[in-house]
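Please open the model in your viewer, with a cartoon for the backbone and sticks ready for side chains. The tour moves from one selection to the next.

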Amino acid sequence: MNFDFNEEQKAVQIAARDFAQTELLPGVIERDELQKFPTNEVKKLGELGLMGIMTAEQYGGAGMDTVSYVLAMEEICKVDASTGVCMSVNNSLVCWGIEHFGTEEQKQKYLIPLASGKLIGAFCLSEPEAGSDATSQHTTAIEDGDNYILNGTKNWITNGSTASIYLVIAQTHPELKHKGINVFIVEKDTPGFVIGKKENKMGIRASDTHSLMFTDVKVPKTNRIGEDGFGFKFAMQTLNGGRIGIAAQALGIASGAYERALAYSHERKSFGTEIFNHQIIQFKLADMATKIDAARLLILKAAYLKDQHKDYTEAAAMAKLFASQVAMDVTIEAVQIHGGYGFVKEFHVERMMRDAKITQIYEGTSEIQKMVIGRELFK
Ligand code: CAA
């Protein structure tokens, strides 16, 4: 077993770390406070090749593997998990989905600008009454000559207002249940497509999360991805990879909080010594470091399986389940180690604790991950 990274993987890790420290860190507290989307920062991420890391170079991407993607995600999310989720959705759900299942025409028209970071994408599966129960799609897509007509509402959409290209999942043949669902590429300026309210969130506040409304939105048939009825399978397969990205986001939040707590424990003195010298603090840090390492190994295993074209459904769900719990545990302890300073914004760890929670909810709650793992165990 080889635990070393290759030169390309090490280079992307260093590039993402430098970018996070120089470009993301200075404004991260303000963006969180003001719920300000990192427009310039995401543009620069695109220029670095981090908005289409896994996409082939011929389609505007960096042509790297999933391990590289995980390493970059961790570094970005150590500093700014809001920027991280924008990057994750664009990479694993939107670009990966179009690259693997789209037509050549769709790749030329949509994937190239998305993977090169010129445009941002969004993935629209959740609805007011279809979150975990994703087969219960109420948004409809009715055939009409060379088009489909979309009607319905989507909820909790990451990159909701900043995206230009939306992958929209909708029901065409309700009698076929999940086998009647389709997925469409919808352009932002299509008549009848309205961006609804922005959510005022507890965490990842700089990412823009919106509801979206579709009223008689006409989408050409050429914008359907895959065969008629492929939409649910498309969503499930892209989400398998998405879960690796969100697990890496959770890992970044945890390792960012841990590094801050470790540094603080060497600065802060109590009872005549640095608090690191108190065994209770060392025990906390030892637990945090061990959990982070275990999460990292699970995530890298899932990424490795994906890169080897092996089944990674269970590994991705395990990685997300575990890493998101680690993110919660570690950030809570990081705040505790900081004491009162952990409760104020300047020390970053309170934001990380708030950001950690969403990793247990989106791209499938922890309970959904257990369902996925359970089903795989009994296959
Ligand atoms: N990988 C591949 N295929 C899968 C799959 C997976 N992980 N899970 C299910 N499928 C397939 C099944 O094999 C089945 O295929 P067949 O018809 O060929 O048998 C089909 O999909 C239907 O599956 P189920 O019968 O298991 O469907 P279900 O309704 O019982 O449950 C579920 C499926 C796993 C619970 C699914 O609904 C699910 O994953 N829900 C969570 C949805 C989710 O993650 N939403 C996140 C929104 S996106 C987001 O958060 C992005 C963002 O903005 C950050």
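Select α7 and α10, helices being DSSP runs of H or I of at least four residues, numbered from the N terminus: α7 passes α10 in a left-handed crossing, a term used if the near helix is turned anticlockwise from the far one by less than a right angle, and right-handed if clockwise. Helix α10 covers residues 349-358, and its axis runs 10 Å from that of α7 at an angle of about 160 degrees, where axes are lines fitted to C-alpha atoms over the stretch in contact and angles run from 0 to 180 degrees between N-to-C directions. The two are therefore roughly antiparallel, a label for angles over 145 degrees. Show as sticks I253, G256, A257 and R260 of α7, which meet V349, M352, D355 and A356 of α10, contact meaning heavy atoms within 4.5 Å.

This is a predicted model, in which local features need pLDDT of at least 70 and side-chain atom pairs count only at pLDDT 80 or more, while totals for chains, interfaces and linings use all residues. Residues are numbered from 1 along each chain as its sequence is written, and side-chain values use heavy atoms, without hydrogens and water.

Next, keep α7 (residues 231-267) and add α5 (residues 81-101), which pack at about 155 degrees with axes 9 Å apart. α5 passes α7 in a right-handed crossing.

Finally, select the ligand, which 25 residues surround, with S132, T158, H178, K233 and R375 the closest. A polar side-chain atom of K233 lies 2.8 Å from a ligand oxygen atom.

Terms used
A residue is near a molecule or strand if one of its heavy atoms lies within 4 Å of it. A polar contact is a pair of N or O atoms within 3.5 Å; within protein, one must be able to donate a hydrogen and the other to accept it, and residues adjacent in sequence count only if both atoms are side-chain atoms. Angles under 35 degrees count as roughly parallel, over 145 as roughly antiparallel, 65 to 115 as roughly perpendicular and the rest as oblique.
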